[in-house]
Amino acid sequence: MFDHVSIGVADIARTRKFYDAALKPLGYTLLSDGESSLGYGDKAVGLWISASKKPVKPDMESGLHFCFVAPDRKAVDAFHAAALKAGGKDNGKPGVRADYSPNYYAAFAIDPDGYRVEAYCGK
């Protein structure tokens, strides 16, 4: 349905460090590297990140989060570990979320700007 999603951040260098590390285990890389913008994806950019003077303030109760598809459960585990090592905060350790579905394996983190991110595998 979506071609891409865009978010604004306060510190583009800090954000690059986080997303370079967190998305690598999922097979996503930096495809567009500009002075004030970053574009991540596999074959095409699906996540645009830009430096912003007034980024939207994240709200833990808003329900807003970004979910990335993982190729397998090991990638979900690696995403979570890399996200925490790169300055993110834990928002849900890797595991099956049976209340979503019997095969919903996911992990959740909060990026350095406060945005909630998830990696998911349905296998």
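Does Y104 count as buried or exposed, and at what relative accessibility? In this predicted model, Y104 counts as buried because its relative accessibility is 17%, which is under the 20% limit used for that class. The briefing below starts with the two open sheets, moves on to the nonpolar core and the aromatic pairs, and ends with the cysteines and a loop residue.

**The sheet that holds β1 to β4**

- One open sheet is made of four strands in the order β1-β4-β3-β2, and the pairing within it is mixed.
- The strands β1 and β2 (29-33) stand at the edges with a single partner strand each, so one side of each is left without a neighbour in the sheet.
- Neighbouring strands of this sheet are turned against each other by 25° on average, when direction is ignored.
- Within the sheet, β3 and β4 pair in the antiparallel sense over five bridges, and L38 stands opposite I49 in β4.

**The sheet that holds β5 to β8**

- Four strands form an open sheet in the order β5-β8-β7-β6, again with mixed pairing.
- Its edge strands are β5 (66-69) and β6 (89-96), each of which pairs on one side only, and the twist from one strand to the next averages 15°.
- Strands of a sheet pair through backbone hydrogen bonds, in either a parallel or an antiparallel arrangement.
- Here β5 and strand β8 (residues 116-121) run parallel and are joined by four bridges.
- Two of the residues of β5 can be followed across to β8, where F66 has V117 as its bridge partner and F68 has A119.
- In a regular strand the side chains alternate between the two faces of the sheet.
- In β5, the covered face carries F66 and F68, whereas the uncovered face carries C67 and V69.

**The nonpolar core**

- The largest nonpolar core has 28 residues, and those with the most contacts inside it are Y19, L23, L26, I49, F68 and V117.
- The elements that give two or more residues to this core are β1 (5-9), α1 (12-23), β3 (37-41), β4 (45-51), β5, α2 (73-85), β7 (105-110) and β8.
- The element that gives the most to this core is α1, with five residues.
- Which residues are in contact with V117, once its neighbours within four places in sequence are left aside? They are F18, Y19, F66, F68, F79, A107, F108 and A109.

**Aromatic pairs**

- A search of the whole structure finds six aromatic pairs.
- In one of them, the rings of F18 and Y19 have their centres 4.9 Å apart and their planes at 85°, so the pair is edge-to-face.
- Both F18 and Y19 are buried, and together with Y40 these residues form one aromatic cluster.
- Another aromatic pair, formed by Y104 and Y120, is tilted, with 4.3 Å from centre to centre and 35° between the planes.
- Because Y104 lies in the loop between β6 and β7 while Y120 lies in strand β8, the pair ties together parts that are 16 residues apart in sequence.
- The two members of this pair fall into separate classes of accessibility, with Y104 counted as buried at 17% and Y120 as partly exposed with a relative accessible area of 25%.

**Cysteines**

- How many disulfides does a search of the whole structure find? The search finds zero disulfides.
- C67 is in no disulfide, and the nearest cysteine sulfur, that of C121, is 11 Å away.
- Seen from C121, the closest cysteine sulfur is in C67 at 11 Å, which is too far for a bond, since a disulfide needs sulfur atoms within 2.5 Å.
- C67 is partly exposed, with a relative accessible area of 38%, whereas C121 is buried, with a relative accessible area of 1%.

**A loop residue**

- K43 lies in the loop between β3 and β4, and K43 is exposed, with a relative accessible area of 80%.
- The C-alpha atoms of K43 and A21 are separated by 18 Å, and these two residues are 22 residues apart along the chain.

How values were computed
Residues numbered from 1 in each chain as written. Predicted model: local features only at pLDDT ≥ 70, side-chain atom pairs only at ≥ 80, totals over all residues. Heavy atoms only, no water. Pairing = 2+ DSSP bridges. Axes fitted to C-alpha atoms, helices over the stretch in contact; angles between N-to-C directions. Core = buried A, V, L, I, M, F, W, Y, C linked by side-chain atoms within 4.5 Å. Buried < 20%, exposed > 50% of the residue type's maximum accessible area, 1.4 Å probe, protein only. Contact = heavy atoms within 4.5 Å. Phe/Tyr/Trp six-rings, centres within 6.5 Å; stacked < 30°, edge-to-face > 60°.
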